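These are my notes from looking through one structure. I kept the entries in the order in which I looked things up.

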Amino acid sequence: ARISHPGVIGLFDSGELPDGTAFLVMEQLRGHDLAHFLLECGPGTPAQVASLARQASAALAAAHQAGVVHRDVKPANVFLVPDGAGFRVKVLDFGLAKSMAYEKGLTQSGMIVGTPEYMSPEQVRGWDVDARTDVYSLGAVCYEALVGRRAISGEDIGRIMVNVIDAVPEPVSEFLPGVPQEAVAALEAALAKEFLDRPTDVTAWAATFADAL
């Protein structure tokens with residue numbers, strides 16, 4: 001509710017029903033999430049992925065400016081609303097979001113929250129997180145949107161988590177010949193295992209990536 005940005009789904013009210021059930025009153029959207037489009041249509045064009053990166057990064061930057069880390073950026077939480085010949089991005093589901101200002105260190109040590117294929121190494125380790133965790137996850141989403149396969153995969157949750165920490169994703173140029181080297185390098189920077197090697201500004205990272213595409 002602290003975040004006011006056209007790229008973040010609107011939250012208008014919350015409360016409880018007489019039986020104790022909690023509810024949220026949220027903006028109604030028309031369209032589908034990115035997971036649906038990847039499943040039904042395959043990867044996007046470079047121009048579409050560039051637009052996705054720019055719009056999603058602006059929404060995440062608004063969250064970061066409000067002191068919030070999303071922590072669960074994944075295709076199912078990136079909604080695409082038809083808009084003329086293109087689309088508008090809405091970032092959904094801040095159910096795992098964490099306040100950088102007020103909740104730092106309150107996550108129980110060793111507690112893992114997020115979706116394993118898109119989690120940063122520090123999330124898998126149960127460490128404190130900051131905006132660079134969302135940079136990592138957005139990079140993983142853009143990687144998949146561009147080539148149609150996940151940056152990190154595995155046959156079970158345990159293997160996925162090990163791969164998040166240890167396995168370096170193959171360059172997207174292996175699957176999409178001709179992709180500019182600057183775009184390859186931008187994705188590699190976002191998906192760096194060490195969070196100190198990752199960009200801190202999600203919109204600056206997305207601009208570099210999108211410009212290259």
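**Entry 1: Q55 and helix 2**

I started with Q55, which lies in helix 2. The model is a predicted one, so I keep to computed values throughout.

Is Q55 buried, partly exposed or exposed? Its relative accessibility is 23%, and Q55 counts as partly exposed because buried would require a value under 20%. I then listed what Q55 touches, leaving out residues up to four places away in sequence, and found F87, R88 and V89. I also looked up the distance from Q55 to A206, which is 151 residues away along the chain. The C-alpha atoms of Q55 and A206 are separated by 8.8 Å.

Next I checked the length of helix 2, which runs over residues 46–65. With 20 residues at 1.5 Å a residue, helix 2 should span 28 Å. Its end C-alpha atoms are 28 Å apart, so the expected span and the model agree.

Which residues of helix 2 are buried? I noted V49, A50, L52, A53, A56, S57, A59, L60, A61, A62, A63 and H64. I then asked what covers these buried residues. The cover includes helix 1 (34–41), helix 4 (131–147) and helix 7, along with strand 4 (68–69), strand 5 (78–83) and strand 6 (86–91). After helix 2 comes G67, and I wrote down its positive phi, near 85°.

**Entry 2: the second largest pocket**

I looked up the volume of the second largest pocket and found about 330 Å³ of space. The elements that give two or more residues to its lining are helix 1, helix 2, strand 5 and strand 6. How many residues line this pocket? There are 18, and those nearest the centre are F37, G44, Q48, L80 and F87. Sorted by class, the lining has 13 nonpolar and five polar residues, with no charged ones. I had already met F87 as a contact of Q55.

**Entry 3: the loop between strand 4 and strand 5**

I picked two residues here. R71 is placed in the loop between strand 4 and strand 5, and K74 lies in that loop too.

The phi of R71 is near 75°, a positive value in a residue other than glycine. R71 has 11% relative accessibility and so counts as buried, the cut-off being under 20%. For K74 the relative accessible area is 19%, and K74 is therefore buried by that cut-off as well. What does K74 contact, its neighbours within four places in sequence left aside? I found T115, Y118 and V141.

**Entry 4: the loop between strand 1 and strand 2**

L17 is found in the loop between strand 1 (11–16) and strand 2 (22–26), and D19 lies in the loop between these strands. I looked up accessibility for both. L17 has a relative accessible area of 42% and is partly exposed. D19, at 61%, is exposed, because the cut-off for that is over 50%.

I added two C-alpha separations. L17 and A167 are 150 residues apart along the chain, and their C-alpha atoms are separated by 46 Å. For D19 and V8, which are 11 residues apart along the chain, I noted 30 Å.

**Entry 5: T200**

Where is T200 found? It is in the loop between helix 6 (181–190) and helix 7 (202–212). T200 is exposed, with a relative accessible area of 55%. Not counting residues up to four places away in sequence, T200 touches A131 and R132. A1 is 199 residues from T200 along the chain, and the C-alpha atoms of the two are separated by 24 Å.

**Entry 6: confidence**

I ended with the confidence values. The mean pLDDT of the protein is 90, and 91% of its residues reach 70 or more. Which element has the lowest confidence, and which the highest? Strand 7 (residues 98–99) is lowest, at a mean of 60, and helix 7 is highest, at 98. Over residues 102–110 pLDDT stays under 50. For that stretch I noted 10 contacts in the model beyond four places in sequence.

Conventions. Residues numbered from 1 in each chain as written. Predicted model: local features only at pLDDT ≥ 70, side-chain atom pairs only at ≥ 80, totals over all residues. Heavy atoms only, no water. Helix = DSSP H or I, 4+ residues; strand = E, 2+ residues; numbered from the N terminus. Buried < 20%, exposed > 50% of the residue type's maximum accessible area, 1.4 Å probe, protein only. Contact = heavy atoms within 4.5 Å. Expected span 1.5 Å × (residues − 1). 1 Å grid on protein atoms, 1.4 Å probe; cavity = no way out; pocket = protein on both sides within 12 Å on 5 of 7 lines; lining within 4 Å. Points joined across faces, edges and corners; volume = space filled by probe spheres on them. Nonpolar A, V, L, I, M, F, W, Y, C, P; charged D, E, K, R; others polar. pLDDT = per-residue confidence, 0-100.
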